[in-house]
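Let's take a friendly walk through a protein model, stopping at a few residues along the way. Keep the structure open beside you as you read.

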Amino acid sequence: PAAMIKRKGINLTELDKKQKRLAYDLLESGLSETGNEKVRNIIDLERVLLELTGSEIRVPELYSIMIFGEPSVESTWAWRFEGHHVSLNFTIVDGTMTATSPRFLGSNPATVTDGDRKGLRALGVEEDLARQLFKSLDSKQREVAHFQSIAYGEIVTNRATEVGPLSHVGLRANRMTKDQQQQLKSLIETYASTMPRTLAEQRMTALREAGMDKIRFGWAGQTEPGEPHYYRIQGPTFLIEYDNVQNNANHVHTIWRDFDGDFGRDLLKEHYLNHPH
């Protein structure tokens, strides 16, 4: 929660009505219709938690926007939108936007059990499609895919500024049936589809060029709804992590990281290493 960890930038709570509308317009420009709905639902969960718990750390709309550089169609600049369970990063080059990673979305509760949003599952598709894929595996495939009996308590990459491939666990796509490969593709597209269509298509094209058959799907923890579980999808160029362990397995964290071009790259350090002063 942003009330516990202060973010840089200007908070939505500090903006007047017109400015807040523009801020949400900016956010919407970096998301698909589906992605915008997910993020707005996640933001509204802070209000839900405030009503359910009364905790002072729950402050609705305590989300911040930070701008890097001078916004212009002729320059390179970037912006970030973040707060509890949302971190989205974008870079604009010559007027063209690219969605950069990490892209973090979470949901607490994963399933709202009371109040006016009862039944809401902001990231329900991410759980359901993965479980359907896992359940479709035969016994030999499951032995490979189910790499750990206890789920991690958090996404493994956590807040690392740079990430590389994690251990190569899980079932490789070329060991799946065509139907299972399609299910895996649909699951990955669910994550990519939060972006505008053009960016999502670019992301999926990059995955295909790197080799869809090289992507692995791994599951850790229990296998039934309501039980602690974790999964990862890892290819040559990217990593998706999902965990649902906290709050009696009703608290989801998800993230997409790229191994090359992730926002944690220290470009200045690389410059000094390649061009000693």
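## A loop with a cis bond

P109 sits in the loop between β5 (96-107) and α3 (124-136). The model you are looking at is a predicted one, and in this model the peptide bond that leads from N108 to P109 is cis, with omega near 0°.

The loop that holds P109 will come up again, since R117 lies in the loop between β5 and α3 too.

## Salt bridges, one by one

How many salt bridges does the structure hold? The count is 13. One of them joins the side chains of R117 and D44, with a distance of 2.6 Å from N to O. Because R117 belongs to the loop between β5 and α3 while D44 belongs to helix α2, this pair ties together parts that are 73 residues apart in sequence. The two partners fall into separate classes of accessibility: R117 is partly exposed, with a relative accessible area of 23%, whereas D44 counts as buried at 19%. The cut-off explains this, because buried means under 20% relative accessible area.

Next, look along helix α2 itself. The side chains of E51 and R47 meet in a salt bridge of 2.9 Å, N to O. E51 and R47 are 4 residues apart in helix α2, which means that about one helical turn separates them. E51 counts as exposed, at 52% relative accessibility; the reason is that exposed means over 50%.

Which residues are linked in a network of salt bridges? They are D44, R47, E51, D116 and R117. So the two pairs you have just met, R117 with D44 and E51 with R47, have their residues in this network.

## A bridge from a loop to helix α3

Another salt bridge is formed by E224 and K135, whose closest N and O atoms are 2.4 Å apart. Where do the partners lie? E224 is in the loop between β8 (216-221) and β9 (229-234), and K135 is in helix α3, so the pair ties together parts that are 89 residues apart in sequence. Both are partly exposed: E224 has a relative accessibility of 35%, and K135 has one of 34%.

## A negative patch on the surface

Now turn to the surface, where D25, E28, E33 and E37 gather in a patch of negative charge. The elements that give two or more residues to this patch are α1 (17-29) and α2 (33-53).

Take D25 as an example from the patch. D25 lies in helix α1, and it counts as partly exposed at 41% relative accessibility.

## Histidine 229 and its contacts

Is H229 buried or exposed? With a relative accessibility of 1%, H229 counts as buried. This residue is part of strand β9.

The side chain of H229 has polar company. A polar atom of that side chain lies 2.7 Å from the backbone oxygen of E227. The H229 side chain also makes a polar contact of 3.4 Å with the side chain of Y242.

## Two more buried residues

D258 is located in strand β11 (residues 252-258). Its relative accessible area is 13%, and so D258 is buried. Its side chain is joined to that of W256 by a polar contact of 3.0 Å.

A200 belongs to helix α6 (residues 197-210) and is buried as well, with 11% relative accessibility. If you would like to judge distances across the model, try A200 and F81: these residues are 119 apart along the chain, and 19 Å separates their C-alpha atoms.

## Positive phi angles

What is the phi angle of E61? Its value is near 65°, which is positive in a residue other than glycine. You can find E61 in the loop between α2 and β2 (64-68), where it counts as partly exposed at 24% relative accessibility.

N158 is not a glycine either, and its phi is positive at about 45°. N158 is found in the loop between β6 (146-148) and β7 (171-172). With a relative accessible area of 40%, N158 is partly exposed.

Terms used
Residues numbered from 1 in each chain as written. Predicted model: local features only at pLDDT ≥ 70, side-chain atom pairs only at ≥ 80, totals over all residues. Heavy atoms only, no water. Patch = residues over 30% accessible without salt bridge, like charges linked within 9 Å, V, L, I, M, F, W, Y side chains within 5 Å. Areas by Shrake-Rupley, 256 points an atom, 1.4 Å probe, with all protein chains shown as cover. Salt bridge = Lys/Arg side-chain N within 4 Å of Asp/Glu carboxyl O. Lys, Arg positive; Asp, Glu negative; His and termini not counted. Charge placed at Lys NZ, Arg CZ, Asp CG, Glu CD. Buried < 20%, exposed > 50% of the residue type's maximum accessible area, 1.4 Å probe, protein only. Polar contact = N/O pair within 3.5 Å; in protein donor to acceptor, adjacent residues only side chain to side chain.
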